[in-house]
Amino acid sequence: WSTALAVATTAIDAWQLGYPTTVVHDLTISHAWGGHSVEETQQWSIKYIEAMAKSRIASAAEFMK
């Protein structure tokens, strides 16, 4: 699902309700928009989620450990 929209809003909702979240960054994808590439939007989205939702960011391999 779209990291910039669906994942970000869900993580922020969870944080506001007091739930800790982990976003597995390599299992999500963003879309190119606003003149930015998919990679740029994905990187920005992950940083936004980490800061605003206080989410732990992990790869699938890290998450499975």
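**Exercise 1. Check the length of α2 in this predicted model: what should its 15 residues span, and how far apart are its end C-alpha atoms?**

Step 1. The expected span is 1.5 Å times one less than the number of residues. For the 15 residues of α2 that gives 21 Å.
Step 2. The end C-alpha atoms of α2 are 21 Å apart, which agrees.

**Exercise 2. Find which residues of α2 are buried, and which exposed residues lie on the face turned away from them.**

Step 1. Buried means under 20% relative accessible area. In α2, T41, Q42, S45, I46 and I49 are buried.
Step 2. These residues cover an arc of only 135° around the axis, so they sit on the same side of α2.
Step 3. The face turned away from the buried side carries the exposed residues E39, Q43 and K47.
Step 4. The buried residues of α2 pack against α1 (3–16), β1 and β2 (56–58).
Step 5. After α2 comes K54, with a positive phi near 55°.

**Exercise 3. Do the same for α1: compare expected span and end distance, then locate the buried residues.**

Step 1. The 14 residues of α1 should span 20 Å at 1.5 Å a residue. The end C-alpha atoms are 18 Å apart, which agrees.
Step 2. T3, V7, A8, A11, I12 and A14 are the buried residues of α1.
Step 3. Seen down the axis, they fall within an arc of 160°, so they line one face of the helix.
Step 4. L5, T10 and Q16 are exposed, on the face of α1 turned away from its buried side.
Step 5. The buried residues of α1 pack against β1 and α2.
Step 6. G18 follows α1 and has a positive phi, near 90°.

**Exercise 4. Place S30: is it buried or exposed, and what does it contact?**

Step 1. S30 is in the loop between β1 (22–24) and α2 (38–52).
Step 2. Its relative accessible area is 2%, so S30 is buried.
Step 3. Leaving aside neighbours within four places in sequence, S30 contacts T3, A4, V38, T41, Q42 and S45.
Step 4. With Q42, the side chain of S30 makes a polar contact of 3.0 Å.

**Exercise 5. Classify the aromatic pair W44 and Y48: what is the angle of the planes?**

Step 1. The count of aromatic pairs is one. The ring centres of W44 and Y48 are 5.2 Å apart and their planes are at 15°.
Step 2. Planes under 30 degrees apart count as stacked, so this pair is stacked.
Step 3. W44 and Y48 are four residues apart in α2, which means about one helical turn separates them.
Step 4. W44 is partly exposed at 49% relative accessibility. Y48 is partly exposed too, with 31%.

Terms used: Residues are numbered from 1 along each chain as its sequence is written. This is a predicted model: local features need pLDDT of at least 70, side-chain atom pairs count only at pLDDT 80 or more; totals for chains, interfaces and linings use all residues. Side-chain values use heavy atoms; hydrogens and water are left out. Helices (H or I, at least four residues) and strands (E, at least two) are DSSP runs, numbered from the N terminus. Buried means under 20% relative accessible area, exposed over 50%, partly exposed in between (1.4 Å probe, protein chains only). A polar contact is a pair of N or O atoms within 3.5 Å; within protein, one must be able to donate a hydrogen and the other to accept it, and residues adjacent in sequence count only if both atoms are side-chain atoms. Contact means heavy atoms within 4.5 Å. The arc is that of the directions from the helix axis to the C-beta atoms. Rings of Phe, Tyr and Trp (its six-membered ring) pair if their centres lie within 6.5 Å; planes under 30 degrees apart count as stacked, over 60 as edge-to-face and the rest as tilted.
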